[in-house]
Amino acid sequence: MKRFVGTFLVALAGAISLPAQGTTPIAIVGARLIDGTGAAPVDDSVVVVEADRIRSAGRRARIQIPGGATIVDAKSQVLLPGLVDVHCHINQPPEDMKRYWLAQLRWGVTTMRAAGNDKPETVPFFRQTRDGTLLAPRSYTAGQGFSVSGPYAGAPVFRPATRDEARTNVQSLKAQQVDFIKIWMTTPKFPPDVIAAIIDEGRRQGIPIVAHVTDVASLHQLADQGVTDFLHIPRDQPVTPELVAYAKSKRLTFAPTLANSDAAWFYYELPDILNLPMLQDALYPRGRQMLGDAARKAQTLSAPDLSQRKARLRDAYPFIKAMSDAGVRIVTGTDCGAEASQITPFGHATHREVQMFVEAGMSPLAAIRAATLDAARVITRAEDPEYGSIRAGKAADLLLLDADVSVGICHLRLTRNALPDTGAHAKYCVSQLR
Ligand SMILES: [Zn+2]
């Protein structure tokens, strides 16, 4: 994605102007490098980019800067891989999709997966984001997906009544060339034989399954049939050592998807963030209106059960910590752009999800890996994907920040353009520490 390089550095580091095309190498010099693998940061680094690839990356003394390279002085800045969000939705008219994708890029999300509710006619746009003809995050889609209940009225989904119908639906998704098949294990659920037919036909057609699961029984039902890629987490019982061992043995991965619930109060409590133009641009018009509604805000923030709602969300933290400590992959997914919520913005939601991983007890570097290399691994089903880390030969999806995320995760969003000298940084960070 050749154009990402110029676009990102310009968008996130301010006044740097780079050639967007061509083969002149670019050397990003002096940044603290966080490469996405979980390795310790490298201070005073050099990263050389040529066309759409990282040519070399490491300590300044070890990297040769090619003659004629455009030099980007990144002293006192932090360079990390572009962020990956494995759980988004973007079922909007094509022109609006393009706008929201750009908004997501401006927040540093360079890869996204739309997990269902995409109409057949929009599926080709996702391929265009990956062949470089559309300026957008590298995007994947599950097409309509399988859901009995929607998840909202009028949602584009398949609702097969029989095994044969389920197989026909999967074959239709294959013809559309979707990247994944989405199954919602929400109530009411499909009968087990219909679920089994979807999974089996997905395997025959070579399309991986991603599933929305919030109870342990459904997790076992799907994982026993080979599904590994889960959105949300089981919430019907506390995490147990047995569940952790099961998840590890089956190589399961989870995108806990906390940012969508958190958005119910987070933006009301932090108007400095809500009012950022780049946050407003990342919301649907109705979501923007809901979050701008003073009466709705007052009602939400004064509701007697607000602290209970926050506590219920934090009930997910022991699961995240236990799984992560055991080596079960926890990755960033937010439900950004979900039609049913409206108030989960593109881009910032991904930052917020990372922050909550740290609140749950993951180290900042592990949380960054969850949002970069590990999320890329989940989407690509490869241990060494072509994006998600800053290593020689990888795609040049880069994010240059003003502040050090390995010291304080609240800095993740503090790009120069996002919050120029408003004093809001400190307020934001304090709120994270409460
Ligand atoms: Zn979703």
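These exercises explore the strands, sheets and helices of one predicted model.

Residues are numbered from 1 along each chain as its sequence is written. Because the model is predicted, local features need pLDDT of at least 70 and side-chain atom pairs count only at pLDDT 80 or more, while totals for chains, interfaces and linings use all residues.

**Exercise 1. The chain as a whole**

How many helices and strands does the chain have?

Solution. Helices (H or I, at least four residues) and strands (E, at least two) are DSSP runs, numbered from the N terminus. The chain has 18 helices and 15 strands. Next, take burial. A residue is buried if 20 or more other C-beta atoms lie within 10 Å of its own, exposed if 12 or fewer, and partly exposed in between, with C-beta atoms placed from the backbone. Of the 434 residues, 49% count as buried.

**Exercise 2. Strand E8**

Which strands pair with E8, and is E8 enclosed or open?

Solution. Two strands pair if DSSP finds at least two bridges between them. Start with strand E7 (residues 83-88): 4 bridges join E7 to E8, and the two run parallel. Here Asp85 stands opposite Met112. Now turn to strand E9 (residues 138-141). E8 and E9 also run parallel, joined by 4 bridges. Thr111 faces Arg138 across this pair, standing opposite it. Last, check burial. In E8 (residues 109-114), 6 of the 6 residues are buried, so the strand is largely enclosed by the rest of the structure.

**Exercise 3. An open sheet**

What is the order of the strands in the open sheet of 4 strands, and which stand at the edges?

Solution. The order is E4-E3-E1-E5, with mixed pairing. Strand E4 (53-59) and strand E5 (70-73) stand at the edges. Each has a single partner strand, so one side of each is left without a neighbour in the sheet. For E5, look at strand E1 (residues 26-29): 4 bridges join E1 to E5, and they run parallel. Within this pair, Ala27 has Ile71 as its bridge partner.

**Exercise 4. Two crossing helices**

At what angle do helices H8 and H12 cross, and which residues make the contact?

Solution. Axes are lines fitted to C-alpha atoms, for helices over the stretch in contact, and angles run from 0 to 180 degrees between N-to-C directions. The axes of H8 (residues 259-269) and H12 (residues 294-302) come within 10 Å and cross at roughly 110 degrees. That makes H8 roughly perpendicular to H12 (65 to 115 degrees). Residues are in contact if their C-beta atoms, placed from the backbone, lie within 7 Å. Ala264, Trp265 and Tyr268 of H8 make the contact with Lys297, Thr300 and Leu301 of H12.

Note on methods: Parallel < 35°, antiparallel > 145°, perpendicular 65-115°, else oblique.
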